[in-house]
Amino acid sequence: MISDTIAAIATSTAGSSAIGIIRVSGEEAIEIVNKLFKGKDLSTQKSHTIHYGRITCPDTHLIIDEVLVMLMRNPKSFTMEDVVEINCHGGTFVTKRILELVLTHGARHAHAGEFSKRAFLNGRIDLTEAESIMDLIEAKSDHALKLAVNALDGKVTQLIKALREALLEVIATIEVNIDYPEYDEVEEMTHDSLRPKSLAIHQTMAQLLHTAKTGQLIKNGLKTAIIGRPNVGKSSLLNQLMREDKAIVTNIAGTTRDTVEGSVNIGGLTLNLIDTAGIHQTDDLVESIGVEKSKKLIEEAELILLVLNANEPLTDEDKYLVEMTAHKHRIILLNKSDLTQKIKTDDLPAYILTSMTCQSGISQLEEAIKSLFEMSEMNVEETFLSNTRHISTLNKSMTAITNAIEQMQKGTPIDMVEIDLRTAWELLGEILGEDVSDSLIDELFTKFCLGK
């Protein structure tokens, strides 16, 4: 229940750190912490003040830790409730011990994302801003961080609200035409006047969805498979891109029998790299399982880095891989270019010469990736949609607008057209968290960290 006072550890519990933070929120937050705090009487202190003291066990009077307690009174807090944050030393045991005392003396352990959920339910943030908090935590690049900050600052909200306002203006004019046709001051809403306004809204939505592809690339990164025959330099490429020895590299064919994964940032785009087992005919059972997994990853990958050996003639297996990946976003690399080139390139599409030994061709590869996904021209100050729920709901809203425009072309009565326009307006409201089901809200916030 939202009337409960909740508490959780807000810092990492994976191991020891410099500080640990126990966050408490609710009507009894100050009272509960005051029972444990030896220092100033927190009930008489002003909001947004920090106080030095000790946390002690009221029953045994045992000192648990020296702490700084931060006090934030409602409504000027993240949850818009009374919030107390206990800053203690970051040992795992001491942090958990203080949380146990807080829970023993009246608080309930917070569910995952419950602090953010309360901020949403209390009107502190809308749903897009709440979801951006996890995007901020999970950001893997400067561009992904910028996307999350923009959403947290309400820029996505502004885009959606502008669309809703444009739709509401049209809907309101239709309503007045229907209910008060005698008003001379009201613009008469006909199919001819309604269609341009609806088309303009549709065009704005289409543009948002188009740029959302870039937003999702920035947020989620690209699933990138490095493929090729055994011993062509796939693992060396992974190591070069990651600037570390992630994969084992030897001159023995078939060293990589399973996938090796890692992430690297290139021009604001995160590549989720997968070094696959060399694809070739083999009687080795373990190796053949790796080969089949590699073939499956080709279909799942969003980018293929196909590595060929420039020091060997093009084999049937090479040709098979070139043909197999022709329908994918793909970059072909002719590796071992420091050796005598024996591969014939007449039948090959565009390629990049690389040498993992000489560490050459990597910068050209990085530029090719940025060009392929149009990252070089991207304006990081622009606001992109990147959340799957937002994009899916906006698609539904645009479908409703499309239906309305089609009905106008058929001459359907205006009051019937309004149904689709109102549906589009309501769907946009769902993005912001208006009129959404409790089950959806619960599902969204359970994906958050404890303490957020």
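In this predicted model, the loop between strand 8 (222-227) and helix 8 holds N231. This residue is not a glycine, and yet its phi is positive, at about 65 degrees. Another backbone feature turns up in the loop between strand 5 (63-72) and strand 6 (83-90), where P75 sits. The peptide bond that joins N74 to P75 is cis, with omega at about 0 degrees.

Helix 8 itself (residues 234-242), which comes after the loop with N231, packs against helix 11 (residues 362-372). Two packed helices are described by the angle between their axes and the distance between the axes. For helix 8 and helix 11, the angle is about 80 degrees and the axes are 11 Å apart. An angle from 65 to 115 degrees counts as roughly perpendicular, and helix 8 and helix 11 are therefore roughly perpendicular to each other. On the helix 8 side, the contact is made by L237, Q240 and L241, and these meet I362, L365 and E366 of helix 11. Sorted by class, the residues of this contact come out as four nonpolar, one polar and one charged.

Helix 12 (residues 388-409) and helix 13 (residues 414-432) make another pair, with axes that come within 8 Å and cross at roughly 170 degrees. Anything over 145 degrees counts as roughly antiparallel, so that is how helix 12 and helix 13 run relative to each other. Helix 12 brings R389, H390, T393, L394, K396, S397, A400, I401, N403, A404, Q407 and M408 to the contact, while helix 13 supplies V417, D420, L421, T423, A424, L427, L428, E430 and I431. The residues of this contact split into 11 nonpolar, six polar and four charged.

Turning to charged pairs, the structure holds 15 salt bridges. One of them links R97 with E100, and their closest N and O atoms are 3.7 Å apart. Both partners belong to helix 2 (residues 92-104), where R97 and E100 are three residues apart, or about one turn of the helix.

As for the surface, L136, L145, V149 and L152 make up a nonpolar patch of about 250 Å². Helix 5 (residues 142-152) gives the largest share of this patch, with three residues. L145, one of the patch residues, has its place in helix 5.

How values were computed: Residues numbered from 1 in each chain as written. Predicted model: local features only at pLDDT ≥ 70, side-chain atom pairs only at ≥ 80, totals over all residues. Heavy atoms only, no water. Axes fitted to C-alpha atoms, helices over the stretch in contact; angles between N-to-C directions. Helix = DSSP H or I, 4+ residues; strand = E, 2+ residues; numbered from the N terminus. Parallel < 35°, antiparallel > 145°, perpendicular 65-115°, else oblique. Contact = heavy atoms within 4.5 Å. Nonpolar A, V, L, I, M, F, W, Y, C, P; charged D, E, K, R; others polar. Patch = residues over 30% accessible without salt bridge, like charges linked within 9 Å, V, L, I, M, F, W, Y side chains within 5 Å. Areas by Shrake-Rupley, 256 points an atom, 1.4 Å probe, with all protein chains shown as cover. Salt bridge = Lys/Arg side-chain N within 4 Å of Asp/Glu carboxyl O.
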